[in-house]
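Biologist: I have a new structure to learn, and I would like to know what stands behind each term. Could you go through it with me?

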Amino acid sequence: MKQAKNDMIVSLKDIFVEFDGEVILNHIDLDIRDKEFVTILGPSGCGKTTTLRIIGGFLEPDSGEVYFDGRKINGLPPHKRNVNTVFQKYSLFPHLNVFDNIAFGMRIKKMPKDEIKKRVKEMLAIVDLKGYEKRSVARLSGGQQQRVAIARALVCDPKVLLLDEPLGALDLKLRKNMQDELKQIQQKTNTTFIYVTHDQEEALTMSDTVVVMNNGVIEQIGSPTDVYNEPINAFVADFIGEANIINAVMLEDCRVLVLGEVLECVDKGFGKNTPVDIVIRPEDIELVEPSQAQLIGEVVDVTFKGVHYEMTIMCKGCEWIVHSTECAAVGDIVGMKVIPFNIQIMNKMFPKSYNEFVCSVVAGDEAENTFTVSLEGSEIDVKGHYFPEGTRLHVVLPTDALSIAGDGEGDLNDVYIESVIFKGEHNEIILESDEQKWLMQSDVDEQVATYVPLKLDFSKARYTVLKGEVSADEI
Ligand code: ATP
């Protein structure tokens with residue numbers, strides 16, 4: 001039997017899940033260390049709960065392997081896994097008191113009465129509910145009920161506790177208190193916690209390790225400081241904390257071209273003249289005299305945030321967010337400076353050849369100067385160009401040739417919005433149709449994880465006529 005890495009308590013290998021023909025988990029690998037507090041973080045619908053259900057044994061993957069403590073456990077039912085789960089809805093038994101709720105599982109296991117009493121007492125101390133044994137759970141606050149649920153899940157001493165948005169139903173203040181408490185409970189009980197949330201602050205506050213998911217894949221695994229300070233791509237940078245994400249070109253090691261200015265950075269190995277994304281956190285931009293600045297801009301908005309001012313600065317057509325304890329006024333011309341260490345360089349997220357495809361002309365009308373192409377099962381009429389029927393075309397569309405059809409009549413329908421990232425000037429939106437990914441520019445804030453009709457403006461297309469059979473290289 002294949003062994004998981006030494007101190008790994010849970011390992012997922014090449015997990016693939018499809019629901020109704022839709023890929024939900026796309027070959028994910030994940031190793032979770034014993035006694036770690038791991039948070040799976042990502043937007044709604046990215047596959048977090050599905051991942052948790054696979055670990056808990058509530059769902060079998062279509063392919064891939066699940067290891068627990070080095071042993072393959074595919075097919076093992078949930079009650080035979082040394083794992084317990086706490087859900088957002090804590091489903092306590094309303095007619096039982098706190099003691100009986102926590103003792104329930106142990107009574108089913110027919111454990112000795114004294115042992116049950118001892119364990120419930122210990123757990124009540126850990127979750128800070130000493131003296132609440134006889135209280136009806138219906139008379140507890142939301143936070144107290146959640147602590148009973150956690151005590152009930154931990155009392156049988158599972159090696160791993162799965163927590164699916166357990167604080168989602170609590171108000172903000174209670175949520176924050178419970179975050180601290182959960183971390184303490186995890187440390188006191190020495191249990192591995194695998195925690196699912198879409199709240200990035202929660203993830204950063206509690207976790208030893210954060211797993212950032214997006215659209216069925218794991219984008220990055222790292223400590224909270226790693227994913228904040230060194231996001232691997234624009235999605236992670238945007239999802240975790242506020243960020244200025246700007247298109248740039250890596251000229252060579254340690255030199256990056258940003259809005260026409262060459263800035264020093266510390267990153268290497270991106271090659272020469274490579275298009276990249278850069279991220280600069282708002283708190284890492286220093287406001288200086290324009291004469292000492294790397295970039296100069298005009299303050300267009302100022303908001304006091306309690307500890308700092310949040311300023312929006314327009315610089316060469318791009319919006320920059322700056323956090324500073326110094327306040328500038330709207331209309332001021334200010335200088336911005338960033339030390340090389342605080343400019344994070346990231347590979348671009350989309351494939352090199354986005355918005356490129358091969359399609360066949362299914363009808364052409366030379367007199368009308370029009371043709372019709374077949375693309376992913378749709379027929380699209382194109383005006384202002386003619387190609388004869390049967391022509392095979394390689395088409396490249398610029399990002400501004402794509403738009404979401406406001407009237408619902410798209411050239412491609414049910415195209416999935418994978419991410420929306422503001423790049424200073426406009427949003428860059430990555431979409432996925434049946435056969436490929438698309439990159440679109442938009443000034444509108446579209447909703448991620450939704451399906452939209454996509455319009456393709458062929459008048460902006462670049463065409464190459466393909467001869468004979470089409471090879472993979474041509475696509
Ligand atoms: P959220 O934060 O909203 O709970 P999530 O990241 O936990 O989202 P999942 O619950 O894992 O996401 O769901 C991922 C995708 O799989 C969603 O698009 C969801 O609609 C779909 N899905 C989940 N369970 C099923 C199911 N049993 N049948 C069909 N589709 C499903």
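Modeller: Gladly! Let's begin with a hairpin: strand 22 and strand 23 form one with two residues between them, and glutamate 376 in its turn has a positive phi of about 50°. Residues are numbered from 1 along each chain as its sequence is written, and the model is predicted, with local features needing pLDDT of at least 70, side-chain atom pairs pLDDT 80 or more, and totals for chains, interfaces and linings using all residues. Side-chain values rest on heavy atoms, with hydrogens and water left out.

Biologist: How do you know that strand 22 and strand 23 are paired?

Modeller: Strands are DSSP runs of E, at least two residues, numbered from the N terminus. Two strands pair if DSSP finds at least two bridges between them. Six bridges join strand 22 to strand 23, so they count as paired, and they run antiparallel. Within strand 23, aspartate 381 is the bridge partner of threonine 372.

Biologist: What does strand 22 do on the side of strand 21?

Modeller: Strand 21 and strand 22 (residues 370–375) run antiparallel and are joined by five bridges, and glycine 364 stands opposite phenylalanine 371. They too form a hairpin, this one with four residues between the strands; asparagine 369 in the turn has a positive phi of about 55°.

Biologist: Which strands are called edge strands in this sheet, and why?

Modeller: The open sheet has five strands in the order 23-22-21-24-30, with antiparallel pairing. Strand 23 (378–383) and strand 30 (462–466) each pair on one side only, and that makes them edges. Neighbouring strands here are turned by 35° against each other on average, direction ignored; axes are lines fitted to C-alpha atoms (for helices, over the stretch in contact), and angles run from 0 to 180 degrees between N-to-C directions. Further in, strand 21 (356–365) and strand 24 (392–396) share five antiparallel bridges, with cysteine 359 opposite leucine 393.

Biologist: What holds such strands together?

Modeller: Strands of a sheet pair through backbone hydrogen bonds, either parallel or antiparallel.

Biologist: Why is the contact between arginine 119 and glutamate 115 called a salt bridge?

Modeller: The term needs a side-chain nitrogen of Lys or Arg within 4 Å of a carboxyl oxygen of Asp or Glu. The N to O distance here is 3.0 Å, so the pair qualifies. Being four residues apart in helix 3 (residues 113–126), the two are separated by about one helical turn. The structure holds 22 salt bridges.

Biologist: What makes the approach of lysine 48 to the ligand a polar contact?

Modeller: A polar contact is a pair of N or O atoms within 3.5 Å (within protein, one must be able to donate a hydrogen and the other to accept it, and residues adjacent in sequence count only if both atoms are side-chain atoms). A polar side-chain atom of lysine 48 lies 2.8 Å from a ligand oxygen, so it passes. Backbone N or O atoms of cysteine 46, at 3.1 Å, and glycine 47, at 3.0 Å, also lie inside that limit. Taken alone the ligand exposes 630 Å², and the protein buries 61% of that (Shrake-Rupley areas, 1.4 Å probe; for residues, only the protein chains shown count as cover).

Biologist: Which helix gives the most to the shell around the ligand?

Modeller: Helix 1 (residues 48–56), with three residues; a helix is a DSSP run of H or I, at least four residues. A residue is near the ligand if one of its heavy atoms lies within 4 Å, and the residues around it include Phe19, Asp20 and Glu165.
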